[in-house]
Amino acid sequence: KSTHVKKEQEREKTLGDEQRRTEIKKETAKRPEMEKKIEEKKDNSFLIQGGETALEVKQYDAAIAAYEAALRLEPESSQAQRGIRTAQMAKKEEARKAILVQLDRRQRVISNPITVYFHDATLAEMFEHLQKITGANFVVPDEVKQDQDRKTLFIQEMPLEDTLQQILKDKEFVYSIKNQTVSITKAVTSR
């Protein structure tokens with residue numbers, strides 16, 4: 001019996017060893033997959049951190065790109081999804097503010113009161129000076145540049161439009177203002 005028991009024990013031990021070896025092989029086979037997942041988690045964390053850094057310095061497109069890359073690695077990442085939404089909202093808000101600044105600047109060009117004294121100046125000289133003091137761009141045709149009539153004019157605390165009306169009074173030119181550009185054109189006369 002003892003021989004039989006010993007053989008049985010050896011057989012069980014051998015089976016146990018084989019099972020352990022099989023389990024070890026399975027675990028070893030899983031290791032690269034697990035290591036890959038660990039690396040992806042590290043990469044994902046790195047990408048999310050990069051997105052947060054880009055957000056802090058207002059590089060919204062870079063932040064969105066980093067969060068999108070993180071989502072490709074981990075599609076369920078709520079942190080990456082939230083980061084994309086935050087970056088998109090911040091980008092829209094910055095664009096909205098830039099538009100408001102432009103509108104405000106345009107409005108100031110048109111509505112800020114101007115005080116100026118032109119002494120014996122041509123139309124071209126007046127428009128050149130107004131361009132300097134208002135920051136508006138003046139588009140002036142050659143006819144204005146060739147007009148050598150001189151005028152003395154004192155403008156006190158008038159908006160740009162009123163100033164232009166005073167300058168062009170009794171002249172064959174009209175103005176239009178679009179954005180920050182003042183265009184001077186020959187007046188169309190009806191017969």
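Let's start with one pair of residues in this predicted model: isoleucine 177 has valine 182, in strand 5, as its bridge partner. The strands around this pair, strand 4 and strand 5 (residues 181-186), run antiparallel to each other and are joined over six bridges. As background, strands of a sheet pair through backbone hydrogen bonds, and the pairing can be parallel or antiparallel.

Now look at the sheet itself. Three strands form an open sheet in the order 2-5-4, and the pairing is mixed. Why does one side of strand 2 (137-139) and of strand 4 (173-178) lack a neighbour in the sheet? Both strands stand at the edges and each has a single partner strand, so one side is left free of a sheet neighbour. From one strand to the next, the twist averages 20°.

Two helices lie across strand 2, strand 4 and strand 5; here is how they run.

| Helix | Residues | Angle to a strand |
|---|---|---|
| Helix 4 | residues 123-134 | about 155° to strand 2 |
| Helix 6 | residues 160-168 | about 165° to strand 4 |

Stepping back to the whole chain, you can find six helices and five strands. Their order along the sequence is α-α-α-β-α-β-α-β-α-β-β.

How much of the chain is buried? Of its 191 residues, 25% count as buried. The chain exposes about 14,100 Å², and 50% of that area comes from carbon and sulfur atoms. Among the contacts in the chain with a separation of 6 or more, 58% join residues that are 24 or more positions apart.

Conventions: Residues numbered from 1 in each chain as written. Predicted model: local features only at pLDDT ≥ 70, side-chain atom pairs only at ≥ 80, totals over all residues. Heavy atoms only, no water. Helix = DSSP H or I, 4+ residues; strand = E, 2+ residues; numbered from the N terminus. Buried < 20%, exposed > 50% of the residue type's maximum accessible area, 1.4 Å probe, protein only. Contact = heavy atoms within 4.5 Å. Areas by Shrake-Rupley, 256 points an atom, 1.4 Å probe, with all protein chains shown as cover. Pairing = 2+ DSSP bridges. Axes fitted to C-alpha atoms, helices over the stretch in contact; angles between N-to-C directions.
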